[in-house]
Amino acid sequence: MSFYLVQFLSGLATAATLFLVSSGLTIVFGVTRIVNFAHGSFYMLGAYIGWSLAERIGSTPLGFWGGVLAAALAAGVLGAVMEVLLLRRLYRSPELFQLLATFGVVLVVQDVASWIWGPEDLLGRRAPGLRGSVEILDQVFPLYDLVLIALGPLVLAGLWLMFHRTRWGTLIRAATQDREMTAALGVEPGRLFTGVLFLGSALAGLGGALQVPREAINLGMDMGIVVEAFVVVVVGGMGSLMGAFVASLLIGQLQAFGILVFPEITLVLVFLFMAVVLVLRPYGLLGRAEEAPPTAASPGPPLSASTGIAAWAPLLLLALLALVPLFAGEYALIVLTELVILALFAASLHLLIGLGGLVSFGHAAYFGLGAYGAALLATSWAAPMPLALAGAPLLGGLGALIAGWFCVRRSGLYFAMLTLAFAQIAWSVTFQWYGVTGGDNGILGVWPDPWASGKTAFYLLTLGLCGGALFLLRRVAFAPFGYALRAGRDSPLRAEAVGIDVRRTQWFAFTLAGSAAGLAGGLYAFSKGSVFPTLMSVPTSVDALVMVLMGGVQTLAGPVVGAALFHLLRTEIMSLTDLWRLILGLVIIGLVLAFPKGVVGFARDLVQRGRAA
Amino acid sequence: MTGEPLLRVQGLQAWYGRAHILAGVDLAVGRGEVLALVGRNGAGKSTTMKAVMGLLDARAGSVTFEGRDVSALPPHRIARLGIGYVPEDRRVFTELTVEENLEVGRQPPRPGAPHWTPEKLYALFPNLAEMRGRRGGRMSGGEQQMLTLARTLMGNPSLLLLDEPSEGLAPRIVQQMAEALRALKAEGLSILLSEQNLAFAGAVADRASVIEKGVIRFDGPMQALMKEESIRRAYLAV
């Protein structure tokens with residue numbers, strides 16, 4: 001009995017940290033409508049700054065708690081700076097660009113933190129006066145965690161008072177409900193938003209600084225916490241403070257007791273819980289329906305099939321690429337093989353985003369499923385390569401069929417969050433199911449059959465399969481199915497009214513995109529010779545989004561061009577510097593600010609403007 | 001009207017996406033004047049209001065208020081200069097109480113415009129006084145309409161943009177609204193009022209501008225419009 005009580009208490013301590021971080025996230029989302037990936041970075045920065053301050057002044061209680069507070073304030077200031085320099089320019093951009101821009105900040109912060117504090121884990125000083133434990137019914141429990149447990153409700157009460165008893169809080173609540181009307185009443189939105197980012201980021205920084213005595217500070221803290229905080233915010237209802245509190249408590253307990261019941265799938269459990277909640281309560285436990293569903297991205301003018309010479313351009317390009325082995329070296333062929341695979345990966349995501357208006361934040365799941373499917377077939381089952389490659393799109397498609405059924409029930413941000421949840425489920429399974437997937441050791445020795453093991457042979461095989469798949473994706477865009485998908489994107493109500501089953505169309509598109517990504521993943525596994533869980537991780541999903549964004553969502557050629565640009569750029573940067581995250585992050589931010597329509601969309605606008613003049 | 005009008009709109013154009021809604025609207029509201037902007041559904045009344053308020057991205061033409069060009073200012077700056085906007089769909093903050101709704105609208109007093117406090121507004125709208133702690137979402141349509149107007153008045157505007165205040169209200173409430181507007185006019189407020197209800201407009205307005213397909217077709221005293229059956233039939237009859 002006492003064991004369960006202690007387990008319950010440690011769940012409460014987890015919940016307190018979760019609540020601090022997710023309350024900040026939900027407040028920021030409520031007012032700015034931006035899903036802030038960088039929120040986890042402020043948590044991590046809070047932890048690092050808190051660690052440095054604790055090392056210097058943390059030997060007395062005053063110094064320690066002063067340091068925690070200063071770390072929170074510092075994180076708040078950095079959040080406000082991000083609002084002024086970056087977010088302010090993006091409030092009218094499609095959500096995809098906002099998500100990507102904040103992810104760019106994540107990358108930049110990771111490299112900066114690594115540069116300042118080094119890549120090693122840091123162990124912090126224990127809180128003075130709270131080093132011991134207390135005995136609760138014969139079980140020991142850390143004293144410090146009791147303080148954390150008390151802090152959660154205290155912060156909730158403080159925030160509640162601020163929102164309900166101050167003019168600033170009233171304005172925040174008004175802006176959360178109707179930004180435009182609040183501005184029309186003379187409230188300056190800019191200052192409000194800067195303040196909100198300060199508050200939200202300071203809460204994240206506080207959560208981080210409070211971890212210093214509890215756990216090792218490391219560079220992976222940011223993604224870990226932000227994904228959990230997303231789950232809390234989505235389960236609680238986006239923008240709802242009370243919801244975040246309730247969801248933190250539930251998820252804290254789920255983690256505390258889940259580890260007793262299902263130690264193998266603790267990571268999966270949380271995301272399964274979120275998926276179930278979202279299907280039962282579409283807007284979370286205490287959330288309200290969105291008044292205006294966020295848009296994926298401006299689809300631009302309708303797609304038109306090229307005619308004349310332009311219609312032959314893809315075939316011509318394919319023929320040229322097939323001739324490359326005649327003069328290119330091995331290294332160039334390896335880079336080109338990867339490039340062609342990524343082009344298919346990006347094009348499969350574009351089917352969802354560009355044609356379906358469905359911004360998936362977890363497309364890497366299906367790429368990874370294909371890769372793992374092919375790798376397992378080839379190694380554990382000793383299947384020949386053609387069979388293993390055939391299994392890749394099947395497994396990717398099957399995964400997408402199951403996840404898609406849930407995901408297409410929601411739109412906009414909730415769709416994005418659900419796809420993220422399923423990607424995290426897939427990632428956790430490969431990460432934790434050691435016996436089958438090898439965990440983070442991955443699966444090694446995935447080599448092509450002898451007939452395709454030469455670089456040229458494998459390149460040509462990749463080119464043939466990916467070229468064929470890209471051709472099919474293009475056919476789909478101009479088939480009745482593609483028209484139905486676009487109709488559902490542009491006006492779901494009218495599409496339903498003319499007899500299109502929008503949800504089913506989107507479900508099939510999701511499955512098709514998943515199997516195309518799966519094929520790309522299978523080829524990737526054979527080209528690399530190994531697979532790792534990172535193939536399914538959030539950064540891989542973001543890579544695909546960046547490729548689509550770089551090329552522009554408005555054209556079919558966009559993702560292919562974007563994949564080429566992205567891959568060449570990354571290969572080039574990685575060969576030059578260790579700070580590739582920093583550079584990539586800055587490139588993402590720059591792209592989002594400079595080309596809201598993507599590179600191809602930008603070029604097409606230039607051409608059209610030229611013609612009009 | 002003599003001298004420079006309080007609000008002057010010239011050649012105002014506006015677009016929703018590719019749809020060209022305003023094709024060059026000209027109108028002027030003098031100090032202390034109530035101008036009724038009348039026209040059918042979709043003629044461009046609400047769009048005119050939003051464009052003046054700076055709520056539309058795609059707009060062209062000039063808007064001057066107290067002799068100052070405001071056409072490039074963001075909405076909060078326009079509001080702080082003394083233009084109060086009461087939207088057609090009310091947009092009460094449903095999660096906030098009556099008192100909190102008023103608080104959001106509060107701005108410092110402005111010379112030359114009546115200074116409003118919650119107490120003065122409760123006197124003008126006695127219904128609201130009885131439900132200070134009630135949330136906006138739990139009020140009737142008429143009460144919400146009163147609250148929206150009161151909330152905007154908390155900004156101490158010298159010009160009100162009132163978008164179809166009588167729409168969807170019970171006749172008794174419409175009557176109250178007309179009385180409130182006359183009281184505001186007596187306080188020296190200028191009002192640009194968009195209306196489909198000609199009787200209501202006739203009860204409060206001095207002048208009328210008739211809008212159709214994004215262009216002003218008639219401009220003159222309210223009485224003249226009431227007499228001109230041909231204009232009413234051409235631009236207002238359904």
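A residue is called buried here when its relative accessible area is under 20%. The structure is a predicted model, and by that cut-off A:R173, with a relative accessible area of 15%, is buried. The side chain of A:R173 meets that of B:E100 in a salt bridge with an N to O distance of 2.4 Å. Because B:E100 belongs to helix α3 (residues 98-105) of chain B while A:R173 belongs to helix α6 (residues 167-177) of chain A, this pair joins two chains. B:E100, with a relative accessible area of 13%, is likewise buried. In addition, A:R167, B:E103 and B:R106 are linked in a network of salt bridges.

Chain A contains 25 helices and four strands. Its radius of gyration is 25 Å, close to the 25 Å given by the globule rule for 613 residues, so chain A is as compact as a globular protein of that length. The C-alpha trace of chain A spans about 75 × 60 × 50 Å along its principal axes. Of the 613 residues of this chain, 56% count as buried, and about 25,000 Å² of surface is exposed, with carbon and sulfur atoms supplying 69% of that area. When contacts in chain A between residues at least 6 apart in sequence are considered, 81% of them join residues at least 24 apart. As for charge, chain A carries 33 positive and 29 negative side chains, and the centres of these two sets lie 11 Å apart.

Chain B contains 10 helices and 10 strands. Its radius of gyration, 17 Å, agrees with the value near 18 Å that a compact globule of 238 residues would have. The C-alpha trace of chain B spans about 45 × 40 × 35 Å along its principal axes. Buried residues make up 56% of the 238 residues in chain B, and the accessible surface of this chain comes to about 9,900 Å², of which carbon and sulfur atoms account for 49%. Of the contacts in chain B with a separation of 6 or more, 70% are between residues 24 or more positions apart. Chain B has 29 positive and 26 negative side chains, and the centres of the two sets lie 2 Å apart.

Over all chains, a search of the whole structure finds 21 salt bridges. One of these is formed within chain A, where the side chains of A:R581 and A:D111 meet with an N to O distance of 3.4 Å. This pair links distant parts of the chain, since A:R581 lies in helix α24 (residues 580-594) and A:D111 in helix α4 (residues 95-117), with their positions 470 residues apart in sequence. A:R581 is partly exposed, its relative accessible area being 31%, whereas A:D111 counts as buried at 6% relative accessibility.

Within chain B, a salt bridge is formed by the side chains of B:K45 and B:E164, with an N to O distance of 3.5 Å. Here too the pair links distant parts of the chain, with B:K45 in helix α1 (residues 45-53) and B:E164 in the loop between β7 (159-163) and α7 (171-186), 119 residues apart. Both B:K45 and B:E164 are buried.

Note on methods. Residues are numbered from 1 along each chain as its sequence is written. Chains are lettered from A and ligands numbered from 1 in the order in which they are written. This is a predicted model: local features need pLDDT of at least 70, side-chain atom pairs count only at pLDDT 80 or more; totals for chains, interfaces and linings use all residues. Side-chain values use heavy atoms; hydrogens and water are left out. The radius of gyration is taken over C-alpha atoms; the globule rule is 2.2 Å times the number of residues to the power 0.38. Buried means under 20% relative accessible area, exposed over 50%, partly exposed in between (1.4 Å probe, protein chains only). Contact means heavy atoms within 4.5 Å. Accessible areas come from the Shrake-Rupley method with a 1.4 Å probe; for residues, only the protein chains shown count as cover. Lys and Arg count as positive and Asp and Glu as negative; His and the chain ends are not counted. The place of a charge is taken as NZ of Lys, CZ of Arg, CG of Asp or CD of Glu. A salt bridge is a side-chain nitrogen of Lys or Arg within 4 Å of a carboxyl oxygen of Asp or Glu.
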